[in-house]
Amino acid sequence: MSTPTIQPGLPALPFSIGPLLLGAVPATGPTTGGNTVQLVGLGLGGATSVLFGGTSATIVGQDPLGLTVTVLAPAHAAGPVQVTVTNAAGTSNPASYTYVAVGAPVAAAIAPNAGPTAGGTPFALIGSNLQGASVTIGGNAATVLGTDPTGSVLFGVTPAGPPSGGNVPVVVTTAGGTASVPGGYTYLLLPPTVTGTVTPSTGSAGGAFTIVGTNLFGASVLFGATPATGVTVDAAGTTVTGTIPPGTSGTTVQVTVQTAAGSVNAGSFTYL
């Protein structure tokens with residue numbers, strides 16, 4: 001049997017002699033740790049230990065091809081450290097990673113600064129030190145999509161707001177502290193809608209009426225030009241009830257529902 005030869009000038013594969021670490025992505029992170037870092041290289045499969053400056057990281061994922069290892073960085077003092085990966089073949093060469101002290105977040109503005117009470121509005125929060133931040137709008141957690149590499153812009157989606165709308169605080173929280181956005185965020189009421197018409201459509205003053213629809217929070221009701229009395233709206237903003245105001249027997253008037261977001265015709269009513 002002939003002995004295989006190795007062609008001169010071709011380097012041996014790195015993973016044949018041990019893991020080779022090419023770098024960490026990202027190459028910086030907060031001193032508090034807990035952020036996800038992907039280590040890229042060759043022959044990294046079966047990693048049993050990852051050290052950041054001598055401190056063990058938590059391995060959360062590995063590429064079957066041995067090209068990447070995903071870890072949660074441990075906490076460490078600010079400054080550069082060496083990162084190594086160890087598997088059955090040995091310990092890799094070191095790669096550089098820099099810990100950055102976490103400053104208090106700065107929240108200068110949110111854009112847009114208003115949107116519907118249903119939520120679901122994409123927003124950008126402008127400031128600094130926003131890496132790893134959580135955001136609440138009106139006390140409800142917003143969905144954070146991420147930040148730009150500098151931590152000066154945070155992207156997210158608004159949660160649902162109070163059904164009655166209004167201005168609410170926006171609070172950003174990181175390991176470095178909390179900050180509030182000046183002016184907060186304003187939830188806008190949606191225009192009212194009516195399903196069907198006023199019930200009953202005929203009757204006398206002093207009787208009860210019902211109107212069903214959506215976005216009826218804070219509604220008032222006019223029978224012609226005369227406001228109804230005792231108007232109440234249910235918690236869901238879908239039903240208005242009240243007392244029919246005085247009117248002239250035999251006349252038919254338009255019934256109008258008014259809210260801060262607009263008005264809608266609820267049909268006609270005939271006085272008996």
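Six aromatic pairs are present in this predicted model. In one of them, Phe-52 and Tyr-97, the ring centres are 5.1 Å apart and the planes stand at 80 degrees, so the pair is edge-to-face. Phe-52 belongs to strand S4 (residues 49–52) and Tyr-97 to strand S10 (residues 95–100), so this pair ties together parts of the chain that are 45 residues apart in sequence. Phe-52 and Tyr-97 are both buried.

Another aromatic pair is made by Phe-269 and Tyr-271. The pair is edge-to-face, with 5.1 Å from centre to centre and 85 degrees between the planes. Phe-269 and Tyr-271 are buried as well. These two residues also belong to an aromatic cluster, which is formed by Phe-209, Phe-223, Phe-269 and Tyr-271.

The aromatic residues can be placed against the annotated segments of the chain. The UniProt record, an unreviewed entry, lists "domain: IPT/TIG" for residues 18–100, 104–188 and 191–272. Over residues 18–100, the model is 0% helix and 59% strand, and the C-alpha atoms at the two ends are 30 Å apart. Over residues 191–272, the corresponding values are 0% helix and 55% strand, with 32 Å between the end C-alpha atoms.

The protein as a whole has zero helices and 30 strands. Its radius of gyration is 32 Å, whereas the globule rule gives 19 Å for 272 residues; the value is well over the rule, so the protein is more spread out than a compact globule. Along the principal axes, the C-alpha atoms fill a box of roughly 115 × 50 × 25 Å. Of the 272 residues, 36% count as buried. Among the contacts with a separation of 6 or more, 55% are between residues 24 or more positions apart.

One residue in the segment 18–100 of the record shows how such contacts are arranged locally. Thr-84 lies in strand S8, which covers residues 79–87. Its relative accessibility is 16%, and a residue counts as buried under 20%, so Thr-84 is buried. Which residues does Thr-84 contact, leaving aside its neighbours within four places in sequence? Earlier in the chain, the partners are Leu-21, Ser-49, Val-50 and Leu-51. Later in the chain, Thr-84 is in contact with Thr-91, Ser-92, Asn-93 and Pro-94. Ser-49 falls within the residue range 49–52 of strand S4, the strand that holds Phe-52.

The segment 104–188 of the record can be followed through its sheets. An open sheet of four strands has the order S11-S13-S17-S16, and its pairing is antiparallel. Strand S11 (106–111) and strand S16 (143–147) are the edge strands, each pairing on one side only. On average, neighbouring strands of this sheet are turned by 25 degrees against each other, direction ignored. Inside the sheet, strand S13 (residues 122–128) and strand S17 (residues 153–157) run antiparallel and are joined by five bridges. Across this pairing, Leu-125 stands opposite Leu-154 in S17.

A further open sheet has three strands in the order S12-S21-S18, with mixed pairing. Strand S12 (114–116) and strand S18 (166–168) stand at its edges; each has a single partner strand, so one side of each is left without a neighbour in the sheet. The twist from one strand to the next averages 30 degrees. S12 and strand S21 (residues 185–188) run parallel and are joined by three bridges. At this pairing, Pro-116 has Leu-188 in S21 as its bridge partner.

Thr-173 offers a residue-level view of the segment 104–188. Thr-173 is placed in strand S19, residues 170–174. Is Thr-173 buried or partly exposed? With a relative accessible area of 31%, Thr-173 is partly exposed, because the value falls between the 20% limit for buried and the 50% limit for exposed. Not counting residues up to four places away in sequence, Thr-173 touches Gly-132, Ala-133, Ser-134 and Thr-178. Ser-134 is 39 residues away from Thr-173 along the chain, and their C-alpha atoms are separated by 5.3 Å.

Terms used
Residues are numbered from 1 along each chain as its sequence is written. This is a predicted model: local features need pLDDT of at least 70, side-chain atom pairs count only at pLDDT 80 or more; totals for chains, interfaces and linings use all residues. Side-chain values use heavy atoms; hydrogens and water are left out. UniProt positions are given in the numbering used here, feature names are shortened, and annotations may be inferred rather than shown by experiment. Buried means under 20% relative accessible area, exposed over 50%, partly exposed in between (1.4 Å probe, protein chains only). Contact means heavy atoms within 4.5 Å. Two strands pair if DSSP finds at least two bridges between them. Axes are lines fitted to C-alpha atoms, for helices over the stretch in contact, and angles run from 0 to 180 degrees between N-to-C directions. Rings of Phe, Tyr and Trp (its six-membered ring) pair if their centres lie within 6.5 Å; planes under 30 degrees apart count as stacked, over 60 as edge-to-face and the rest as tilted. The radius of gyration is taken over C-alpha atoms; the globule rule is 2.2 Å times the number of residues to the power 0.38.
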